[in-house]
Amino acid sequence: MNIKKLPVDYVQDVIDTSVTEKRRYHMLTNTDGTLSLDDVTTYVLKGSNFGMDDVNQTNDTVNNVIDALEDIEDGTIVVKNAVNAKNADHAVNADSAVNAKNADHAVNADSAVNADSAKNAINAINAESSEKLLTARNINGVPFDGTKDIAVADNTKVPLDKDFVLTNQQTLTFVNKVATISDARITADSLADVYFTKDTISIAEKASITVETYQGKVELTAGRTPEGTLKASIHIRVV
């Protein structure tokens, strides 16, 4: 089972202690007589949001782990990818799953899975014990007959550097409330850490800036048009 890993890059707010030790709020009076609070704290780093989508993702991952553990306790492992044997009658497929609880049901040593390894059927079927293909296949131009691992080069992908600094206290230009910075090293799954300069962080907070990465670029979108010049350092973490 392919269980998606949860993100571990959440960060918390870091208050600019040169301005205040505690969070600051403006109390606003609404037209209906109620009160609202407007956070005017000066932050060195704005923390991550954790909401409904994050909770659902966490619960979904935990449920997948529970399902996987229940399958293990039940003792049944279904082998979905059949072994390409010379004799089709000997092929291991989804309909003839190996039952790890019963050694009598284990595939014999000639088929690469024996009673001693029945508890771990997945590890017992490996490249060293597989049958040689009657007709070799080419994978990206590399011959493969099933007897050994092969290395396949893929030049269609753009080579990615490790984490890098995209901007260093650079002035951001917003067009229709969007500032775009392009770089071929950025992927759609990359993570962008944005650090506004001390003199512009309050402007960024009022503008409600959100950040999104795409293939080859990062976009900063303002909920409201910034009321001044914004400068930021952006660190890209390539995933």
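User: Which word fits aspartate 54, buried or exposed?

Analyst: This is a predicted model, in which local features need pLDDT of at least 70 and side-chain atom pairs count only at pLDDT 80 or more, whereas totals for chains, interfaces and linings use all residues. Residues are numbered from 1 along each chain as its sequence is written, and side-chain values use heavy atoms, with hydrogens and water left out. A residue is called buried under 20% relative accessible area, exposed over 50%, and partly exposed in between (1.4 Å probe, protein chains only). Because the relative accessible area of aspartate 54 is 17%, this residue counts as buried.

User: Which residues does aspartate 54 touch, not counting those up to four places away in sequence?

Analyst: Aspartate 54 sits in helix α1, which covers residues 52–74; helices (H or I, at least four residues) and strands (E, at least two) are DSSP runs, numbered from the N terminus. Contact is taken as heavy atoms within 4.5 Å. With residues up to four places away in sequence set aside, the partners of aspartate 54 are Tyr10 and Asn49.

User: Which element gives the largest share of the lining of the largest pocket?

Analyst: A pocket is found on a 1 Å grid over the protein atoms alone, as an open set of points where a 1.4 Å probe fits, with protein on both sides within 12 Å along at least five of seven lines, and its lining residues have an atom within 4 Å of a point. The largest pocket holds about 1700 Å³ of space, a volume being the space filled by probe spheres set on the points, which are joined across faces, edges and corners. Its lining has 44 residues, of which Gly47, Ser48, Asn49, Ala192 and Val211 are the closest to the centre, and β3 (35–39), β4 (43–45), α1, β11, α3 and β12 each give two or more residues to it. The largest share, six residues, comes from β11.

User: In β14, which residue is the bridge partner of valine 194?

Analyst: Two strands are said to pair if DSSP finds at least two bridges between them, and an open sheet of three strands with antiparallel pairing has the order β9-β14-β11. Its edge strands are β9 and β11, each pairing on one side only. Antiparallel strands β11 and β14 are joined by six bridges, and within β14 the bridge partner of valine 194 is isoleucine 234.

User: From which strand does the largest share of the largest nonpolar core come?

Analyst: In soluble globular proteins, nonpolar side chains tend to be buried together. A nonpolar core is here a set of buried Ala, Val, Leu, Ile, Met, Phe, Trp, Tyr and Cys residues joined through side-chain atoms within 4.5 Å, and the largest one has 22 residues, with Leu166, Leu172, Phe196, Ile209, Leu220, Ile234 and Ile236 making the most contacts inside it. At least two residues of this core come from each of β9 (164–172), β10 (178–182), β11 (191–196), α3 (201–207), β13 (217–222) and β14 (230–237). The largest share, four residues, is that of β14.

User: Why do β10 and β12 each have one side left without a neighbour in the sheet, and how many partner strands does each have?

Analyst: Three strands form an open antiparallel sheet in the order β10-β13-β12. In this sheet the twist averages 15 degrees from one strand to the next, with axes fitted as lines to C-alpha atoms (for helices over the stretch in contact) and angles running from 0 to 180 degrees between N-to-C directions. The antiparallel pairing of β10 with β13 has five bridges, and that of β12 with β13 has six. Because β10 and β12 (209–214) stand at the edges, one side of each lacks a neighbour in the sheet, and the number of partner strands for each is a single one.

User: What is the separation between the C-alpha atoms of threonine 171 and alanine 232?

Analyst: Threonine 171 lies in strand β9 and is partly exposed, with a relative accessible area of 41%. Leaving aside neighbours within four places in sequence, threonine 171 is in contact with Thr229, Leu230 and Lys231. Although threonine 171 and alanine 232 are 61 residues apart along the chain, their C-alpha atoms are separated by 6.7 Å.

User: What is the relative accessibility of asparagine 176?

Analyst: Asparagine 176 is placed in the loop between β9 and β10, and its phi is near 55 degrees, a positive value in a residue other than glycine. Asparagine 176 counts as exposed because its relative accessibility is 74%.
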